[in-house]
Amino acid sequence: MPHLVGDKRVDGKLIDGKAMAAKLREAIGEQVAHLHTHHQVTPGLAVVLVGEDPASQVYVRNKARQAGEVGMQSFEHRLDASVSEQALLALIDQLNQDPAVNGILVQLPLPDHIAETRIIQAIAPAKDVDGFHPINVGQVAIDGQGMTPCTPLGCKLLLEHQLGDLSGQHAVVLGRSNIVGKPMANLLLQANCTVTVAHSRTHDLPAICRQADILVVAVGRPGMVKRDWIKPGAVLIDVGINRIEEDDRTRLTGDIDFQSVQDLAGAITPVPGGVGPMTIACLLLNTLQASYQQLNLPFPDDLAERAWQPQAATTP
Ligand SMILES: Nc1nc(=O)c2c([nH]1)NC[C@@H]1CN(c3ccc(C(=O)N[C@@H](CCC(=O)O)C(=O)O)cc3)C=[N+]21
């Protein structure tokens, strides 16, 4: 049944992040080919993994593989969990200097003996495709022009595809991490939403969430958001990726109790197949953008929008 969000009609459907990410990667691939043909440049992404966390290994492998699939060069650096902060800083310095490397991602979390903030601050802001460096955080907060963190960027693109202009919508962001919640709130504010950031200390979370036309949930608690937290017709973005051991196998589930809210929502992202694939596609988008900027070429800002048009046409 159709619902109204503000004055916009949405229709209770799944937001297919996996399909949208595939289209976005296709458009990125065309742009990579263009750079190669006309500027003899192959964008390069360096991914650094410290330690052997199995989930991180899967993500890093996926990032490197998808970079290759769009025609980028990927450089994987795997370091032992016991590596010193100094050695990691030396590697980052080397990647900062390397002209073949346009983007650098250091997979988080890092082992306890390494100060994450020091590592993030060592990455050249122009190559910081995660958008975690204070220069980029500040620039995104000021005017949205900095390198934007991949997950919030992916969520914003999904929302704009669903709703068009987001002006005047009440967006509630549940979670206040530096990686998702805070940058998400800044992006939504930039897009003219009225933004509420709620978190574990917020009084009466359900009542706050019920006000949301747009609800972005990034708390890491499986199924926390229930049916009575939802305004009918709201667009729901589930950033949570929780691994649940069940009947001898691992199941992925989000922070929203999907079954209970599905028919009430205007639209909702599934887990898996929602925000996750868009996160990786946006990492490639940022790497492409970093390459353009390092070459002083104008970046086609509407790339994602065009990727999802019926007859995806890419122009130089
Ligand atoms: N410096 C840094 N940058 C990151 O962007 C970063 C990070 N560290 N550390 C870990 C988190 C996690 N993350 C995910 C990306 C894609 C999926 C993804 O594609 N998920 C699939 C399922 C994949 C699966 O089966 O596990 C989906 O939701 O459909 C998930 C998680 C990026 N992270």
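Which helix lies across E4 and E5, and at about what angle does it run to E4? The close-ups below, all taken from a predicted model, start there and then move along to other spots.

**View 1. Helix H2 over an open, parallel sheet.** The helix in question is H2, residues 54-69, which lies across E4 and E5 and runs at about 170 degrees to E4. Underneath, 3 strands make up an open sheet with parallel pairing, in the order E5-E4-E6. Strand E5 (73-79) and strand E6 (103-106) sit at the edges with a single partner strand each, so one side of each goes without a neighbour in the sheet. From one strand to the next, the twist averages 15 degrees. Zoom in on E4 (residues 44-50) and E6 and you'll find 4 bridges joining these parallel strands. One pair to look for is Ala 46 with its bridge partner in E6, Ile 104.

**View 2. Two positions from a UniProt binding site entry.** An unreviewed UniProt entry lists Gly 175, Arg 176, Ser 177 and Ile 241 under "binding site". Gly 175 is in the loop between strand E7 (170-174) and helix H7 (181-190), and Ser 177 lies in the loop between E7 and H7 too. Are they buried or exposed? Gly 175 has 23 C-beta neighbours inside 10 Å, and 20 or more makes a residue buried, so Gly 175 counts as buried. Ser 177 has 16 other C-beta atoms within 10 Å, so it ends up partly exposed. Setting aside neighbours within four places in sequence, Gly 175 is in contact with Val 180, Gly 181, His 199, Val 217, Ala 218 and Val 219. On that basis, Ser 177 is in contact with Lys 182 and Ala 218.

**View 3. Helices H6 and H10 crossing.** The axes of H6 (residues 150-163) and H10 (residues 275-294) come within 8 Å and cross at roughly 110 degrees. That angle falls in the 65 to 115 range, so H6 is roughly perpendicular to H10. Which kinds of residue make up the contact? Its residues split into 10 nonpolar, 4 polar and no charged. On the H6 side, look for residues including Cys 150, Leu 153 and Leu 157; on the H10 side, those taking part include Met 278, Cys 282 and Asn 286.

**View 4. The E11-E12 hairpin.** Strand E11 (residues 242-246) and strand E12 (residues 249-253) pair in the antiparallel sense over 5 bridges. Glu 245 stands opposite Thr 250 in E12. The two strands form a hairpin with 2 residues between them, and Asp 247 in the turn has a positive phi of about 45 degrees. Asp 248 is in the loop between E11 and E12, and its phi is positive as well, near 70 degrees. With 5 C-beta neighbours inside 10 Å, Asp 248 counts as exposed. E11 is hardly covered: of its 5 residues, the count of buried ones is 0.

**View 5. Backbone oddities in three loops.** The peptide bond from Leu 108 to Pro 109 is cis, with omega near 0 degrees; Pro 109 is found in the loop between E6 and helix H4 (116-122). Another cis peptide bond joins Val 271 and Pro 272, with omega about -5 degrees, and Pro 272 lies between strand E13 (267-268) and H10. In the loop between H7 and strand E8 (194-198) you'll meet Asn 192, which has a positive phi of about 70 degrees although it is not a glycine. Asn 192 has 12 other C-beta atoms within 10 Å, so it is exposed.

Key:
Residues are numbered from 1 along each chain as its sequence is written. This is a predicted model: local features need pLDDT of at least 70, side-chain atom pairs count only at pLDDT 80 or more; totals for chains, interfaces and linings use all residues. Two strands pair if DSSP finds at least two bridges between them. Axes are lines fitted to C-alpha atoms, for helices over the stretch in contact, and angles run from 0 to 180 degrees between N-to-C directions. Two residues are in contact if their C-beta atoms, placed from the backbone, lie within 7 Å. UniProt positions are given in the numbering used here, feature names are shortened, and annotations may be inferred rather than shown by experiment. Angles under 35 degrees count as roughly parallel, over 145 as roughly antiparallel, 65 to 115 as roughly perpendicular and the rest as oblique. Ala, Val, Leu, Ile, Met, Phe, Trp, Tyr, Cys and Pro count as nonpolar, Asp, Glu, Lys and Arg as charged, and the others, Gly among them, as polar.
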